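Trainee: Could you walk me through this model, taking one feature at a time and giving the general idea before the particular case?

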Amino acid sequence: MARIAVGGTFDPLHEGHKALLAKAAELSRGGELLVGLTSSEMVRNKSHDVADYRQRFKDVLGFIRSQGVDPVIVKLDDPYGPTIHEEFDRIVVSPETHPMALKINSIRMKKGLGPLKIVLVDYVLADDGLPISSTRIKRGEIDADGRVLL
């Protein structure tokens, strides 16, 4: 029974996030998917406004359930959540969050826990060939599907 971890802010929930969450859901079938969702307190220093935690929770839950998986969603008040003290088989990350997975594994090793297998999901590209990102969407450059707006 696989136990899979994935985390993020997921605002707005865009095609890149959906690819990441869909991969995590696929890997967790028959096991457990734990989603760490960044708390409102942790996102105060973002360069753009972030939707309320409850709204992001609802959006992420709805999308993952549409993939046929009922996830466990936990609030992240730090960058690591339960990944540095609980057993997981894999952590699903984007190129942006890959360095955090390496840090999580480093912390796990120091604590005597085995490393998590890192599953890297590549960026989903917008129509202009650049990665879809929340920052680009908030700036009005692209929409959540990667269509160029400017």
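**Reading the model from surface to side chain**

Mentor: Let us start with the surface, bearing in mind that the model is a predicted one: the accessible surface of the protein comes to about 8,000 Å², and carbon and sulfur atoms contribute 51% of that area. Of the 150 residues, 43% count as buried.

Trainee: What radius of gyration would a compact globule with 150 residues have, and what does the protein have?

Mentor: The general idea is to set the value of the model beside the one expected for a compact globule with 150 residues, which is near 15 Å; the protein has 15 Å, so the two agree. Along its principal axes, the C-alpha trace spans about 50 × 35 × 30 Å. As for the contacts with a separation of 6 or more, 63% of them are accounted for by residues 24 or more positions apart.

Trainee: In what order do the elements of the protein run from the N terminus on?

Mentor: The order is β-α-β-α-β-β-α-β-α, made up of four helices and five strands.

Trainee: How far apart are the end C-alpha atoms of H1, and what should its 14 residues span?

Mentor: A helix can be checked by its rise, which is taken here as 1.5 Å a residue; the 14 residues of H1 should therefore span 20 Å, and because its end C-alpha atoms are 20 Å apart, the two values agree. The buried residues of H1 are Gly-16, His-17, Leu-20, Leu-21, Ala-24, Ala-25, Leu-27 and Ser-28, and what covers them includes strands S1, S2 (32-38), S4 (90-93) and S5 together with helices H2 (53-66) and H4. After H1 comes Gly-30, which has a positive phi, near 80°.

Trainee: Which residues does the cis peptide bond join, and what is its omega?

Mentor: The cis bond joins Asp-11 and Pro-12, with omega about -15°, and Pro-12 is found in the loop between strand S1 (3-8) and helix H1 (15-28). Phe-10, also in the loop between S1 and H1, has a phi near 55°, a positive value in a residue other than glycine. Phe-10 counts as buried because its relative accessibility is 2%, where the cut-off for buried is under 20%.

Trainee: How is a pair of aromatic rings described?

Mentor: Such a pair is described by the distance of the centres and the angle of the planes. In this protein the count comes to one aromatic pair. Tyr-53 and Phe-57 form this pair, which is tilted, with 6.2 Å centre to centre and 45° between the planes. Both residues lie in helix H2, four residues apart, or about one turn of the helix. Tyr-53 is buried, since its relative accessible area is 13%, whereas Phe-57, at 30% relative accessibility, counts as partly exposed.

Trainee: Where is the place of Asp-128, and with which residues is Asp-128 in contact, leaving aside its neighbours within four places in sequence?

Mentor: Asp-128 is in the loop between strand S5 (117-120) and helix H4 (134-138), and it counts as partly exposed because its relative accessibility is 36%. With neighbours within four places in sequence left aside, Asp-128 is in contact with Arg-136 and Val-148. Its side chain makes a polar contact with the side chain of Arg-136, at 2.4 Å. Lys-46, by contrast, is 82 residues from Asp-128 in sequence and 24 Å away in space, C-alpha to C-alpha.

Methods. Residues numbered from 1 in each chain as written. Predicted model: local features only at pLDDT ≥ 70, side-chain atom pairs only at ≥ 80, totals over all residues. Heavy atoms only, no water. Helix = DSSP H or I, 4+ residues; strand = E, 2+ residues; numbered from the N terminus. Buried < 20%, exposed > 50% of the residue type's maximum accessible area, 1.4 Å probe, protein only. Contact = heavy atoms within 4.5 Å. Polar contact = N/O pair within 3.5 Å; in protein donor to acceptor, adjacent residues only side chain to side chain. Expected span 1.5 Å × (residues − 1). Rg over C-alpha atoms; globule rule 2.2 N^0.38 Å. Areas by Shrake-Rupley, 256 points an atom, 1.4 Å probe, with all protein chains shown as cover. Phe/Tyr/Trp six-rings, centres within 6.5 Å; stacked < 30°, edge-to-face > 60°.
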